[in-house]
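Some labels given to a structure rest on cut-offs. The questions below ask what stands behind them.

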Amino acid sequence: MNVTVEAPAKINLTLDVVGRRDDGYHLVETVMQAVDLCDRVTVRRTDKPGAVSLLCDDARVPDGPDNTAVRAAAAFFEACGLPNPGVEIGLRKRIPLQAGLAGGSADAAGTLVALDRLMDTRMTAAELCAVAETVGADVPFCVLGAAAYAEGTGTILTPLPSLPDCAVIAKPFDGVSTAEAYRLVDRAALTRRPHTGAAVDAVCAGDLAAVAHGLCNVFEEALALPEVAAIGQVMREHGTLGCRMTGSGSAVFGIFEETAAAAACAGRLREAG
């Protein structure tokens, strides 16, 4: 038996780093929105009890124990107290790497959801999120999807209403190391920080103009990537209500009210590569 699920990426409408714990983990405040750019995760049983294997159509994705989907599978069996009958995880990657779109976290979340169905454990969303928290900071959000305000290391979630289809996403050729991004933001003299409460209110009201006006990501200023600025310029030329880098980079999203303008922007960005 195979179980296949879609694993959506996310964008950060706001992202602020507000502190650092003694163990080195950063504390954030962020408003996140799931999008319809998805990886596809398939899990199936094998005849190798205790083993977790991974097959991926992108050779750049590691297939060992450090892979988030593999770690999620191990965490799932430990949490539910079942012996691992042997599972294979298949990943069809569409979320780009090193983009700030939570591709690895999405794959981990998709693995948890698919294993819950495969093993018929019928875990609640809260139980799956508790397992997800042991795997990575964005994984609980990727389990829930939709939209949320996140605190702490990103695992304390307050669900929000989802926005309508409105975003164009583009990624520069170069990616960003998350560790390097945090190193740079720690050293940066930031001049602008998000008004997170106002962003939450805008999302709750479904006010795209207000959401776009409040977009802010401290990593964008700290990294100051020329490619990010160039993508933003194209989006502004095509009438975006607002655009920002997502996560620790390097993908950029723009919010659009009109489908035609969004399509024209996407077409121009495709022409540019």
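Q: Where is Ser-250 found, and what makes the peptide bond from Gly-249 to Ser-250 notable?
A: Ser-250 is in the loop between E9 and E10; strands are DSSP runs of E with at least two residues, helices are runs of H or I with at least four, and both are numbered from the N terminus. The bond from Gly-249 to Ser-250 is cis, with omega near 15°. Most peptide bonds are trans. The model is predicted, so local features need pLDDT of at least 70, side-chain atom pairs count only at pLDDT 80 or more, and totals for chains, interfaces and linings use all residues. Residues are numbered from 1 along each chain as its sequence is written, and side-chain values use heavy atoms, without hydrogens and water.

Q: How do you know that E9 and E10 pair?
A: Pairing requires that DSSP finds at least two bridges between two strands. E9 and E10 (residues 252–255) are joined by 4 bridges and run antiparallel, so they meet the definition. In one of these bridges, Gly-242 has Ile-255 of E10 as its partner.

Q: Why are E7 and E9 at the edges of the sheet?
A: The open, antiparallel sheet has 3 strands in the order E7-E10-E9. E7 (167–170) and E9 (242–245) each have a single partner strand, so one side of each lacks a neighbour in the sheet.

Q: Why is Gln-98 called partly exposed?
A: Buried means under 20% relative accessible area and exposed over 50%, with partly exposed in between (1.4 Å probe, protein chains only). Gln-98 has 47%, so it counts as partly exposed. Gln-98 lies in the loop between strand E4 (87–92) and helix H2 (103–118).
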